[in-house]
Amino acid sequence: MKVLVTGGLGFIGSHTVVSLIENKYEVIIVDNLYNSKIDVLDRIEKITGVRPKFYKLDCSNSEEMDKLFSQEKIDSIINFAGYKAVGESVKKPLMYYENNLDICFALFKAMEKYNVKNFVFSSSATVYGLPDKVPLTEESPVKSATSPYGETKVMIERILKDMAFVHKDWNIAILRYFNPIGAHKSTLLGEDPNGIPNNLLPYINKVAVGELKELKVYGNDYPTPDGTGIRDYIHVVDLARGHVLALKKLETNPGLVVYNLGTGKGTSVLEVIKAYEKATGIKIPFEFAPRRDGDVPENYASTEKAEKELGFKCQYSVEDACLDGYNFQKAETERVKNLIHKTAKTL
Ligand code: WQD
């Protein structure tokens, strides 16, 4: 089975590629390197012993995608490609709507023309907006999201439902992730955002290695046990395995299916800090700050459906993810330092 992974050099994409290769899938990666680095390809090869075929392409360009599909016999697609910074999307809505939707239009046109019937979509719990109640099930109402980024996920899910209606032989898995964290145990893959991280764990990682001074905890007056926001933090290696299970599900011709991929457990910001300190032995200085716009007090997944229909169950804890994420950050910081040292010596 040949699987096209768009955005396959990114954080979740690269971990999923490793899991696909370990499950004997043939993987082709397409990535425009907008928010990823080409050396992730070497690292995937180092971990798996396999170097997937790679095309540096812009997935939103339908001519480029058409050419790729004419050259490669694709059986399934997992689509990670897309802009995903919530805050940036509020400032640049047109860039987000155009890019994220054009990627899907280019892929769907290629699927129709080249008779590709299996599609896995990287969606997000953000489509649930401000939840009426938790845990969130796949039947919880999809609401208009709190950001253009989230809104692109809502729109693409709607487009997928319309495509499934006209293509009865298409198999589509919509996977709604909660909060992916952690890194690969090899310390070769992990989350390495450009600039100051927006998300909690990458920020804490930078504090832990001394690149940032202290964490700001956004809000301690939420209606939660300790007043801080609650989320469902899922280890990225568990999440990657969830994609392989979803792909296997599509081989049974289910049509369009939707799954939450989470741990089923909510963890507050203060509990994450405690878990991080326990896992790494490193104190994380923090101070309380005002709430962040767009944040919801609490969201975490009901994992019943994914467990029952995919056999999906998380194997790693938040503590495991904290330690793996820290080890990746420490190794990455070391690699960058060595690179600078080596470059300086050649000057
Ligand atoms: C988690 C908690 C913050 C940073 C976002 C997207 C979602 C998905 C995952 C793509 C919240 C608190 C955070 C900090 C803090 N992305 N926090 N200080 O907002 O739940 O989800 O990323 O699919 O779509 O919305 O994740 O990590 O930013 O925040 O106190 O410096 O940590 O208030 O309670 P979020 P997050």
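**Exercises: a ligand and a buried Asp**

In this model, the side chain of Asn 179 has a polar atom 3.0 Å from a ligand oxygen. Keep in mind that the model is predicted.

**Exercise 1.** Find out which residues make polar contacts with the ligand, and how much of the ligand's area the protein covers.

*Solution.*
- Step 1: Start with side chains. Asn 179 sits 3.0 Å from a ligand oxygen, and Asn 199 places a side-chain N or O atom 2.9 Å from an oxygen of the ligand.
- Step 2: Now try the backbone. Lys 216 has a backbone N or O atom 2.8 Å from a ligand nitrogen.
- Step 3: Check these distances against the cut-off: a pair of N or O atoms within 3.5 Å is a polar contact.
- Step 4: Turn to the area. On its own the ligand has 690 Å² of accessible area, and the protein covers 89% of that.

**Exercise 2.** Describe who makes up the shell around the ligand.

*Solution.*
- Step 1: Sort the shell by type: eight residues are nonpolar, six polar and four charged.
- Step 2: Pick out the nearest of the 18 residues: Tyr 149, Leu 200, Lys 216, Arg 231 and Asp 295.
- Step 3: Look for the top contributor. Strand β8, residues 215-218, gives the most, with four residues.

**Exercise 3.** Asp 31 is buried and has no salt bridge; work out what its side chain contacts instead.

*Solution.*
- Step 1: Locate Asp 31 in the loop between β2 (26-30) and α2 (39-48).
- Step 2: Look for an opposite charge. The nearest such side chain is Lys 56, 8.2 Å away, while a salt bridge needs the atoms within 4 Å.
- Step 3: Check polar neighbours. A polar side-chain atom of Asp 31 lies 2.8 Å from the backbone nitrogen of Leu 33, and the Ser 36 side chain makes a polar contact with the Asp 31 side chain at 2.9 Å.

Conventions. Residues are numbered from 1 along each chain as its sequence is written. This is a predicted model: local features need pLDDT of at least 70, side-chain atom pairs count only at pLDDT 80 or more; totals for chains, interfaces and linings use all residues. Side-chain values use heavy atoms; hydrogens and water are left out. A residue is near a molecule or strand if one of its heavy atoms lies within 4 Å of it. A polar contact is a pair of N or O atoms within 3.5 Å; within protein, one must be able to donate a hydrogen and the other to accept it, and residues adjacent in sequence count only if both atoms are side-chain atoms. Accessible areas come from the Shrake-Rupley method with a 1.4 Å probe; for residues, only the protein chains shown count as cover. Helices (H or I, at least four residues) and strands (E, at least two) are DSSP runs, numbered from the N terminus. Ala, Val, Leu, Ile, Met, Phe, Trp, Tyr, Cys and Pro count as nonpolar, Asp, Glu, Lys and Arg as charged, and the others, Gly among them, as polar. Buried means under 20% relative accessible area, exposed over 50%, partly exposed in between (1.4 Å probe, protein chains only). Lys and Arg count as positive and Asp and Glu as negative; His and the chain ends are not counted.
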